[in-house]
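Me: Please pick one part of this structure and look at it closely with me. I'd like to see how it fits in with whatever lies around it.

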Amino acid sequence: MTTPADIIALPSQPPRERARRRRIRIGDFPVIPTAILLVITLVAIFANQLAPHNPEIGSLTMRFKPPFWQTGGSMKYLLGTDQLGRDVLSRLIFGARVSMVVGIMAVLVAGVVGTMLGILSGYLGGWVDQVIMRITDTWLALPALTFAIFLAAIVGPSMWNIVIILGVTYWTRYARVIRGEVLSLREREFVRLAIVAGCSKWSIMARHILPNVINSAIVLGSLMLGVVIITEATLSFLGVGVPPPQPAWGLMLSDGKQGLMVGYWWLTVFPGLCIMLMVLSANLLGDWLRVKLDPQLRQL
Amino acid sequence: MAGEPLLRLDKLSTHYIAGGGLRVVRAVDEVSLTVNAGETLGIVGESGSGKSTLALTMMRVLPMAAKIVGGHMWFEGEDLVQKTDAEMREIRGKRIAMVLQDPMASLNPLFTIGNQIAEPIQVHEKVSRATAWERARALLKAVRIPSPETRVRQFPHEMSGGMRQRIVGAIGMSCEPRLLIADEPTTSLDLTIQAQYLNLLRDLQREHGLALIFITHNLGIVAKMCDQLAVMYAGRLVESGPVSRVFNAPQHPYTKALLNSIPRMGDRDHRLTAIAGQPPDLSALPRGCAFAQRCPQAFDRCRAEAPPPVSYPAPGQTARCWLVEDAPAEAVPVLAGAAV
């Protein structure tokens, strides 16, 4: 029951409330994560110009040089060199390119496949839905990493194969989420109106369903970017990822792990830091997008 | 009224079949109706009486569980029941259009108004985008949207409820259909907007010689808009005929009860009469007349045997009741149409 006191108390609330909300909204934008992702992207694009050395060729006389601020380090190799005398900084810079390309392409492959199957499954229903969802269930029951390793063992290592492997490993998450969304969308009046206006199923899916699920797909994509990059690093670490001469962050971690015991910390800490920053940034940006694009949360 | 009517439903039945045939809901049961070109038919009945299912049946856009189990729908000489899905798509939106229950939600929030009005035109008439948009602007003008030039480029959230409603109407009219089915098109609007919209529909109908089927539970709208009236109860058509006849001389006890339960301005002496009881479960209909349990005049025969599909108490009027043959039409109390 509303007491008179409640009614009187209400009008004083809104201005302050609104101001607080507005502040949160603006302050919410993840500036630092976005900046980090932007820097990594730029570094990936201009790797050729930025890298001081060739990332794949080193000189054995220059092995295990520490970063410049430690004794024995030199300004020529800012972050030191690895066991083959290759410049760690240059390898990190080119590794950003591998991580970005693999991450974004794999998310795209997974997103396109998953969204399409999700829409088909949710909109057509019936046996199409049954078939797609049972495949999805089976897929989800497989341990993702083991499955990815298995696939990698079959198709062999190459950067583009990793993209495909990660795509076929992770499409199921899209299919599930998008199907759920479509199930509620297809009962919406504007979809019915399109049906009674004589539009075909295909044009309804393309014109009315797809644009309405794109938001969710984008949000999911930004969250999946982190997962995909971690998996790529894990595959590289396990030796079934990007093949050795190419500088992938996960591969660098793997190569440096023996060195860690004898004090060559820079071989693992720097690539590890890069992976962590990128995944963290992707997740924070994804969280923000999710809140921003979800109409229910947006109203808050 | 010579010649074949525009639409003639002949013992049309649509059932929802669940549990592999164990549970059958007779949502539309042997409904026969006719609609002539340029005429307005009102279909009334309480919630769950099968009105909306009947509308969906006429468009052939039933949910998966529902099946047309019998009867015919003759539309301009063709039986819509026999049409393939592809053929129906040609008809939907082009020759039979529909305005849905909640026009507020009928527009896709992501597309401009012009886009959505032009869509059925492009689908059905294979005209260029520019032509379709030109037509969209003309339609907005026809449904009295001010400054159509700018409105056509705006999004649904920039419109008021009444405007969105008229836009949905414009989409319905976009391919100049012969028949427009409006399923409770005004329930979500306030009264003044309702009246505007009804006037608009009537003007459009006159200009284009359009036949209208109005599905509603508002008898006031029926009185204002319709030439013919059909009353549905538990999936069956209990009474139909010209509005003036059904209002002034209702034959079926259900129609009488329905008309009696309308509140009347200035009547302070009587309590509002309601129809006692609940409509029957459509999956377990009684053996006899579906209304028998609630009917004040029911007798043994009503409970044992369903009344025949049609009797003819007066020309053009039909009712499904055992009493009708005996009831002289003039003995029925007069209910003025203006009062509802």
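Reply: Let's begin with burial in chain A: of its 300 residues, 41% count as buried. Keep in mind that this is a predicted model. Chain A has 13 helices and zero strands, so to speak a run of α after α along the sequence. Its contacts also reach far along the chain: among those between residues at least 6 apart in sequence, 70% join residues at least 24 apart.

For the close look, though, let's move over to chain B and pick strand β7, residues 179–183. Is this strand enclosed or open to the outside? Five of its five residues are buried, so β7(B) is largely enclosed by the rest of the structure. For "buried", the cut-off is 20 or more other C-beta atoms within 10 Å of a residue's own. You can check the two faces of the strand one at a time. On one side you'll find L179(B), I181(B) and D183(B), and on the other L180(B) and A182(B), with both sides covered.

Next, which strands pair with β7(B)? One partner is strand β6 of chain B, residues 96–99, which pairs with β7(B) in the parallel sense over four bridges. To find that pairing in the 3D view, look for I96(B), whose bridge partner in β7(B) is L179(B). Another partner is β8(B), residues 211–215, and here the pairing is again parallel, over five bridges. A handy landmark for this one is A182(B), which stands opposite F214(B) in β8(B).

Stay with F214(B) for a moment. Leaving out residues up to four places away in sequence, F214(B) touches T40(B), L41(B), G42(B), I43(B), A182(B), I221(B), M225(B) and C226(B). F214(B) also turns up in the largest nonpolar core, which has 161 residues. The residues with the most contacts inside that core are I181(B), I213(B) and F214(B), and I181(B) is one of the buried residues of our strand. Chain A takes part in this core too: its helix α5, residues 88–124, gives the most, with 17 residues.

Where do the two chains touch? 14 residues of chain A are in contact with 21 residues of chain B. On the chain A side, α9 (189–196) and α10 (201–237) each supply at least two residues. The largest share of that side, six residues, comes from α9(A). Sorted by class, that side has seven nonpolar, four polar and three charged residues.

Back in chain B, there's a helix worth comparing with our strand. It's α3(B), residues 113–125, and it is mostly covered, with ten of its 13 residues buried. Among the buried ones are I117(B), A118(B) and I121(B). The cover over them includes α4 (129–142), α5 (148–151) and α6 (161–173) of chain B. Does its length come out as expected, or not? At 1.5 Å a residue, its 13 residues should span 18 Å, and the end C-alpha atoms are 19 Å apart, which agrees. The helix does bend, by about 30 degrees at E119(B), with a proline, P120(B), following within four residues. Just after the helix, K126(B) takes a positive phi of about 50 degrees.

Finally, set the parallel pairing of β7(B) with β8(B) beside another sheet in chain B. That one is an open sheet of four strands in the order β2-β1-β4-β5, with antiparallel pairing. Its edge strands are β2 (23–35) and β5 (78–79), each pairing on one side only. Inside the sheet, β1 (residues 7–18) and β4 (residues 66–75) of chain B pair over eight bridges. Two places to spot this are L7(B), whose bridge partner is F75(B), and S13(B), whose partner is G70(B). Then β4(B) and β5(B) pair over two bridges, and W74(B) has D79(B) as its bridge partner there. Two residues lie between these strands in their hairpin, where E76(B) takes a positive phi near 50 degrees.

To recap our strand: β7(B) is buried in five of five residues, with β6(B) and β8(B) as parallel partners.

Key: Residues are numbered from 1 along each chain as its sequence is written. Chains are lettered from A and ligands numbered from 1 in the order in which they are written. This is a predicted model: local features need pLDDT of at least 70, side-chain atom pairs count only at pLDDT 80 or more; totals for chains, interfaces and linings use all residues. A residue is buried if 20 or more other C-beta atoms lie within 10 Å of its own, exposed if 12 or fewer, and partly exposed in between; C-beta atoms are placed from the backbone. Two residues are in contact if their C-beta atoms, placed from the backbone, lie within 7 Å. Two strands pair if DSSP finds at least two bridges between them. The expected span of a helix is 1.5 Å times one less than its number of residues. The bend at a residue is the angle between axes fitted to the seven residues ending there and the seven starting there. Ala, Val, Leu, Ile, Met, Phe, Trp, Tyr, Cys and Pro count as nonpolar, Asp, Glu, Lys and Arg as charged, and the others, Gly among them, as polar. A nonpolar core is a set of buried Ala, Val, Leu, Ile, Met, Phe, Trp, Tyr and Cys residues joined through C-beta atoms within 7 Å.
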